[in-house]
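Q: Hey, can you walk me through this structure? I'm new to this, so plain words please.

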Amino acid sequence: MSDHLTRRTRPSASRRRAVAAAAVAAASAALLAACSSGSSSGSAGNGPASASAGAAAGGGAGYFKGKTITLIAPDSPGGSYDAYARLFAPYVGQQLGATVNVQNVSAAGTLQGSNQMAAAKPDGLTIGMVNVGGDIASLVEKQPGQNFSMDKLSWIGQPAQIPNALVTQPDSSVRSFSGMLHPSGDVTVLDIRNGVGDMLNRVIYGAFGVPHKLDTGFEATSALKQGFLAKDGQTILEAMSTLYPLISGNEAKPLLVIGPVSLSNYQKVLSGVPTLESEMASASLSSGKQAALKEALALSDLSDDFAAPPGLPASELTALRQAFTAAAASPALQAQATKESLPLSFISGTTVSGQVATALANSGTIAAYVNQ
């Protein structure tokens, strides 16, 4: 600005007004971008996180311009649902020219939040995240409380296949997964009922024949972590996005990895830890147990999915899918995901829809274990 003010020829009044208007517009745009960027780190408060943006994508995205979208994270702050919802919210807002508010709804595992999303008006202004693996396991168990049909939801996409890990206390007498196959007594397992971890716990301990006792008195990831740190039990099984701080801080010892591990910092702390596939290959398991474990692995890859209510018009669904895909490709979002140790490899809504249909068709193989 100073270079313009020291020019030899004094600008005309109309020229000065035009320059001033342009400066105000530029300052406003910079302020809006700064606000949007600042909210992207969205953190662990209990209130909703807001993100606004001014750039609207073309096509069906014009419907969302200037509107407010509620993105339901069906867990309390501190879990992967909250982390991914807050990661994507500002960038999806940028793509749609909308305001995206993250709302935490934590009760009944993740069911209350997903029920609330599925029951909303199918106008694209209420979306949420779904615990697909845990919810399918609940269907197999005929558990009450799920008020939506999994195959009817409008699938938007999945941020990544999130690896899970089975961990124990650092000073536990159980030093390896193979050592759990012959423990001196029951392994005390802390668990959130109806979650992906619950499904994996039941199938893995059941199929491998590990004597165990499930303590399912936890409603949210934060409470589960607190119970583990208080040494209320020997093991928990959760997403690596939740467990990484505990493992890297030597507050938890990993015994088993479930799912793909892509982040280098995850690979570092999980070096030498066996995978579910390697333990399956080395154990003498029946075909039925092998099938159950393979289905459990497939279901574990289907957590933290973005969805909208059934019946969302195709134009709005397409706009949301495009906005999430573009957001995932944003260098700023990718840098934030790396900073927060969140895996990122976006899977399209069309692909997720097919994976859900396949998982539903094969879900009966886990019945013998999740129904116990």
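A: Here's a quick tour, one topic at a time.

Q: What kind of model is this, and how are the residues numbered?
A: This is a predicted model, where local features need pLDDT of at least 70, side-chain atom pairs count only at pLDDT 80 or more, and totals for chains, interfaces and linings use all residues. Residues are numbered from 1 along each chain as its sequence is written, and side-chain values use heavy atoms, with hydrogens and water left out.

Q: Cool. How many helices and strands are in the protein chain?
A: The protein chain has 16 helices and 12 strands. Those are DSSP runs, numbered from the N terminus: helices are H or I with at least four residues, and strands are E with at least two.

Q: And what share of the residues is buried?
A: Buried residues make up 51% of the 372 in the protein chain. Buried means under 20% relative accessible area, exposed means over 50%, and partly exposed is in between (1.4 Å probe, protein chains only).

Q: What about contacts between residues far along the sequence?
A: Among contacts in the protein chain with a separation of 6 or more, 80% are between residues 24 or more positions apart. Contact here means heavy atoms within 4.5 Å. For a pair far apart in sequence, take Gln 95 and Ala 326: they are 231 residues apart in sequence, but their C-alpha atoms are 7.4 Å apart in space. Gln 95 sits in helix α3 and counts as partly exposed, at 25% relative accessibility.

Q: Let's do a strand. Is β4 buried or exposed?
A: All 5 of the 5 residues of β4 (residues 126-130) are buried, so the strand is largely enclosed by the rest of the structure. Thr 126, Gly 128 and Val 130 point one way, Ile 127 and Met 129 point the other way, and all are buried.

Q: Which strands pair with β4?
A: Strand β2 (residues 68-73) pairs with β4 in the parallel sense over 3 bridges, and there Ile 72 has Gly 128 as its bridge partner. Strand β11 (residues 305-308) pairs with β4 in the antiparallel sense, also over 3 bridges, and Asp 305 in β11 stands opposite Val 130. Two strands pair if DSSP finds at least two bridges between them.

Q: What comes just before, in the loop between α4 and β4?
A: Asp 123 has its place in that loop. Asp 123 is buried yet has no salt bridge, and the nearest side chain of opposite charge, Lys 121, is 4.6 Å away. For charges, Lys and Arg count as positive and Asp and Glu as negative, while His and the chain ends are not counted. A salt bridge needs a side-chain nitrogen of Lys or Arg within 4 Å of a carboxyl oxygen of Asp or Glu.

Q: So what does Asp 123 touch?
A: Not counting residues up to four places away in sequence, Asp 123 touches Tyr 63, Phe 64, Leu 312 and Glu 316. A polar atom of the Asp 123 side chain also lies 3.0 Å from the backbone nitrogen of Leu 125.

Q: How many salt bridges are there in the whole structure?
A: A search of the whole structure finds 3. Asp 82 pairs with Arg 86, with the closest N and O atoms 2.6 Å apart. Those two are 4 residues apart in helix α3 (residues 80-96), which means about one helical turn separates them. Both Asp 82 and Arg 86 are buried.

Q: And the others?
A: Arg 202 and Asp 198 meet in a salt bridge at 3.0 Å, N to O, and both are buried. Asp 171 forms one with Lys 231, with the closest N and O atoms 2.9 Å apart. Asp 171 is in the loop between β6 (164-168) and α6 (177-180) and Lys 231 in the loop between α8 (221-229) and β9 (235-239), so this pair ties together parts 60 residues apart in sequence. Asp 171 is exposed, with a relative accessible area of 56%.

Q: Last topic: which residues touch the most other members of the largest nonpolar core?
A: Met 199 and Ile 204 do, in a core of 50 residues. Helix α7 (residues 196-208) gives the most to this core, with 8 residues. A nonpolar core is a set of buried Ala, Val, Leu, Ile, Met, Phe, Trp, Tyr and Cys residues joined through side-chain atoms within 4.5 Å.

Definitions and conventions. A polar contact is a pair of N or O atoms within 3.5 Å; within protein, one must be able to donate a hydrogen and the other to accept it, and residues adjacent in sequence count only if both atoms are side-chain atoms.
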